[in-house]
Every structure is written in structure tokens, then in C-alpha cells.
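Reader: I would like to go through the reasoning behind a few labels for this structure. Could you show it to me and start with the cysteines?

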Amino acid sequence: MKNVIPVINHKLKGTITIPADKSISHRAIMFASLANGKSVIRNCSNAKDPNSTLSVCRALGVEIQKTDESTIIINSNGKFHPVQNILDCGNSGTTMRLMCGILSGQPFNSTLVGDESLSKRPMKRVIDPLSLMGAKIFAVNNCAPIQINAGKLTGIKYSSKISSAQVKSCMLLAGLQADGETVYKEPFLSRNHTELMLKYMNADIEYDGVLTKVRPSVLEPREIAVVGDISSAAFFMVAATIVPDSDIVIKNVGLNHTRTGILEVLTKMGGNVEILDENIVSGELVGDVRVRYSELNACTIEGEIIPKLIDELPVIAVLATQAKGTTVIKNAEDLRNKETDRISAIVNELKKIGADITATPDGFVINGRTPLNGGVEVATYHDHRLAMSLYVAGLICKKEILIKDFDWVDISFPEFEALMSCLL
């Protein structure tokens, strides 16, 4: 596996275009596969996770053609076909959880598997509500492999105890195939790419804040242009904010209001963030973002903003080490159920380089402003977001750090190093 040493003491300058949003790419591939006709997906993510979704849909008999690395043509009659082999989701929790919703309503049996990391992630959160709809779904200890038998679904009213876009999307996709209406309610609004894209593809869906209703629908094929991934942009935003004299512009950033928690936190802490341009692309808000170095103040991050930045919290922990005062992150216990226990992992590794950070059951407490020393080897725990967060921390260390197994970033962001090099 590849090890990396970040460049230190060098300002970031220039303009980059951020790669395609992974969450939207997953959904574009799945929904186009469910549509009856020809769909064209432009600027689709070429990361490993969306490619897992692509492979699963191909295995289910969908005609998929890649004309280049980012353009995909999908021809479908709106139906999947029985498969003889297991369906491999790789490391992608999005693939596995959303496909559970799709496959639960199909007239054939299927089995979903994943890699070692994905096989440890909790699937009870989708198995339980799908079972209430009549799905015949089985998993030992509620983890992959997941066996799904042919079944008939009935719409239900379901109030989730957690705000999870994956759980919500799974239920809505099952609801497209269920008899009657499916109503889903969540405590706080999670990312709503599924609702927006289903509406764009003419599904019978209504949504208002935390409440979404969907009825049986046949999706219409569309041309879908995928906007840039704000979760990927977050690493560059934080880097430019904490590395002195930095000034960067990130183009084509998705600005969906359910995903802009990182912008809200940067602004709240005193960051210098400016939106230069905005427009709507395939139902999603997109714009260019300018970020400059700033002196920061600590804050508390909790409650309804957490679903809007759950994936960005590891790099926000790095950000908080450079803020004056004590930053407290609460209500983020779901970080313990990601590719690794991200709370323990980020605390352990940031402590190694000199951060004053303490784990809590549902987040962290970070005292700043703290110089980061470096001069050590840090681990990625097979977690792409942790690897990139440690890279950002390495940019401001006094001494170099060695990041082990860095190529786990390819799961979500294979272009990360090349884009960072463009700015250094």
C-alpha cells in the first residue's frame, strides 16, 4: 500500500475544479437503471464506490456504456434481471443500503456482499424498516452478506430515530415498488439528493422538510449532469483556511442546502468564504467557492447541522485545532459506524501529532489554537476521509508526517493528490 508525506509550510494558491459528487453519482446510476429508456449521465464520479454501484447494476442486466471516464449511457427497460452470482458492493455502504431497497421489491432472490470493512457496518437500520414493508431480507448479526428473497412490498408510515440519507433513500426506493403510499419521517433533514432526483425523473413524490411521501412510480429517463462533491471540496476549504497566506477558488461545488454544513461551520468560526457564482444543474444548486486563510474562533457543532456535515467532521476536527478556544462536536455518534470508528481514529491520530483533542461518546472536544508537531507516522484505518484529513493536518505540521496506506483515498477521491499538487 502507498504511503504519503504531505508538503509542509507552503501556501495554497490557484483554482481547481472539484470531481463529481459521489452521492449524486450513485443515485444517477441506480435511478437511470430503474428508468424505462435511455439516460445520459455526465460528469459521473469515477471513484471506486460509484463504480461498485455501476458493477452491481450491470450484473443485474442493465445495459451500461461508458463513453469516457465521466460520461455514461444507460439503456434500460426499467426492470432488473435475476443473477446467478452474488452482487459485490465493495466498500460502498451507499451501494449496499440503497440496493437493499431496490432489490426487496424484485421478483427474484439476490445476495449482497461487501469487503471486510463493509461487512462490519450496521445494516439493521435498513433491514428493520424494509421488513415492516414485507421484505424477506436476512443477515447474520445484521451485517453483510445480505440475502434478499423475492417479495411483495406494502407502503408504511415510518419514523426513523436517526437522520440518515442512506436509510431514507432505501425506504423511498422500496416505496416506488410498494402497494400504496410510503411515508418517511426523520428527526432532522438529511441530504435530499434522492428526493430531488426522483422528482427530476417524474416520480410520484412529495417532500416537505423532514417528511417525505412516495407512491408507486415508473421513472422517466433523463440527462443528468452531476455537480461537484462538496464533501471532497471540504478538505481544500479547510486546508486553505488554516495554511497561512492561502487563497483558492474551487469550481463546480454542489451547494445543496442539506450538504453545506461545512460552509456554515467555516463562517461561524470566522473563515473567509465567498460564493462567486450560483446556478441550477439537473435540479441541484452549484457554484464556485473562494476560500482564504483566516484566524478562527472555536464553536459548538451539534443538533440539526450534524447530518449536513457528518462526512466532513474528521477534517473539521483538524480545523478546530487551529481555532482559538474550545470546539465541541456533539450528536455525531454515527461516526462510530462508518468505515472505521471515526471518533476514536481521528482522536488517536491527531493526538500523535500534538492536537489537544478528547473523544466523547458522540463526538470530540478540541482545545486550540494548538501547534501540530508532526515527526511521526500516522494510520488511515482503511478510511479514505481519515487519510485526507491527516494529509490536511500534515500541511501545517512543524515536521513531516508519514501517512500509511494512503491509497484508501481512491475509494472516494482518486484525484485528491493531483489537485492538491496544483495548489501547492
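Author: Gladly! A disulfide is a pair of cysteine sulfur atoms within 2.5 Å. This is a predicted model, where local features need pLDDT of at least 70, side-chain atom pairs count only at pLDDT 80 or more, and totals for chains, interfaces and linings use all residues. Residues are numbered from 1 along each chain as its sequence is written, and side-chain values use heavy atoms, leaving out hydrogens and water.

Reader: Why is Cys100 not bonded to Cys170?

Author: Their sulfurs are 5.9 Å apart, Cys170 having the closest cysteine sulfur to that of Cys100, so the pair is too far for a bond. Cys143 is in no disulfide either, with the nearest cysteine sulfur, that of Cys100, 12 Å away. The search of the whole structure finds 0 disulfides.

Reader: What makes Cys143 buried?

Author: Buried means under 20% relative accessible area, exposed over 50%, and partly exposed in between (1.4 Å probe, protein chains only). Cys143 has 17%, so Cys143 is buried. Cys100, at 0%, is buried too.

Reader: Why is helix α6 called mostly covered?

Author: Helices (H or I, at least four residues) and strands (E, at least two) are DSSP runs, numbered from the N terminus. In α6 (residues 193-200), 6 of the 8 residues are buried, among them His193 and Glu195.

Reader: Which elements cover the buried residues of α6?

Author: Counting contact as heavy atoms within 4.5 Å, the cover includes α1 (22-34), α5 (165-175) and β16 (284-292). Just after α6, Asn202 takes a positive phi of about 70 degrees.
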